[in-house]
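Good morning, and thank you for the opportunity to present. Please look at the sequence and the structure as they come up, and follow along as I go through them.

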Amino acid sequence: MKNQIPENIKALVIARLETLPPNRKISIGSYGEFTKSELIEHVKREDEIGKKIVEIELEFLRAMKKGILV
């Protein structure tokens, strides 16, 4: 993910993030903890954290497709 995030992927990740409880914080490795709204903002800005979130979400969806996660 070196360049821009495709709009359809960004929309998918944001839609998935919208389902998180508003009071829940998510830890992204050494980046720290983030609220749902902070995560969404990072994805929209396509910064380093936003790209990492997209990468994590896509890996999760690929694993589900392969049946690794149920």
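At roughly what angle do the axes of helix α1 and α2 cross? Before I answer, please note that this is a predicted model. Helix α1 covers residues 7-18, and its axis crosses that of α2 at roughly 175°, the two coming within 10 Å. Since an angle over 145 degrees counts as roughly antiparallel, that makes α1 roughly antiparallel to α2.

Let us see which residues meet there. From α1 the contact takes in Lys10, Val13, Ile14, Leu17 and Glu18, and from α2 it takes in Lys36, Leu39, Ile40, Val43 and Lys44. Sorted by character, the residues of this contact of α1 with α2 are six nonpolar, four charged and no polar.

I turn now to the next pair of helices. Helix α2, residues 36-45, packs against helix α3, residues 48-66, at an angle of about 100°, and their axes are 7 Å apart. Angles from 65 to 115 degrees count as roughly perpendicular, so α2 is roughly perpendicular to α3. On the α2 side, Leu39, His42 and Val43 make the contact, while α3 supplies Ile49, Gly50, Ile53 and Val54. Five of the residues in this contact of α2 with α3 are nonpolar, two are polar and none is charged.

One of these residues deserves a closer look. Is His42, a residue of helix α2, buried or exposed? The relative accessibility of His42 is 11%, and buried means under 20%, so His42 counts as buried. Leaving aside residues up to four places away in sequence, His42 touches Phe34, Asp47, Ile49, Gly50 and Ile53.

The third pair is α1 and α3. Their axes are 10 Å apart, and the helices pack at an angle of about 80°. By the reasoning already used, α1 and α3 are therefore roughly perpendicular to each other. The contact joins Ile9, Leu12, Val13, Arg16 and Leu17 of α1 with Ile53, Val54, Glu57, Leu58, Phe60 and Leu61 of α3. Of the residues in this contact of α1 with α3, nine are nonpolar, two are charged and none is polar.

Next, α3 in its own right. What distance should its 19 residues span? At 1.5 Å a residue, the expected span is 27 Å, and the end C-alpha atoms of α3 are 27 Å apart, so the two values agree. The buried residues of α3 are Ile49, Gly50, Lys51, Ile53, Val54, Glu57, Leu58 and Ala63. Their cover includes α1, β1, β2 and α2. Arg62 also lies in helix α3, but Arg62 is partly exposed, because its relative accessible area is 42%, a value in between the cut-offs of 20% and 50%. Between the C-alpha atoms of Arg62 and Lys10 there are 16 Å, although these residues are 52 residues apart along the chain.

Finally, the strands. Strand β1, residues 25-28, and strand β2, residues 32-35, pair in the antiparallel sense over four bridges. Within this pairing, Ser27 stands opposite Glu33 in β2. The hairpin of β1 and β2 has three residues between the strands, and in this hairpin Gly29 takes a positive phi near 45°.

To close, I return to the opening question: the axes of α1 and α2 cross at roughly 175°. Thank you for your attention.

Conventions:
Residues are numbered from 1 along each chain as its sequence is written. This is a predicted model: local features need pLDDT of at least 70, side-chain atom pairs count only at pLDDT 80 or more; totals for chains, interfaces and linings use all residues. Side-chain values use heavy atoms; hydrogens and water are left out. Axes are lines fitted to C-alpha atoms, for helices over the stretch in contact, and angles run from 0 to 180 degrees between N-to-C directions. Angles under 35 degrees count as roughly parallel, over 145 as roughly antiparallel, 65 to 115 as roughly perpendicular and the rest as oblique. Contact means heavy atoms within 4.5 Å. Ala, Val, Leu, Ile, Met, Phe, Trp, Tyr, Cys and Pro count as nonpolar, Asp, Glu, Lys and Arg as charged, and the others, Gly among them, as polar. Two strands pair if DSSP finds at least two bridges between them. The expected span of a helix is 1.5 Å times one less than its number of residues. Buried means under 20% relative accessible area, exposed over 50%, partly exposed in between (1.4 Å probe, protein chains only).
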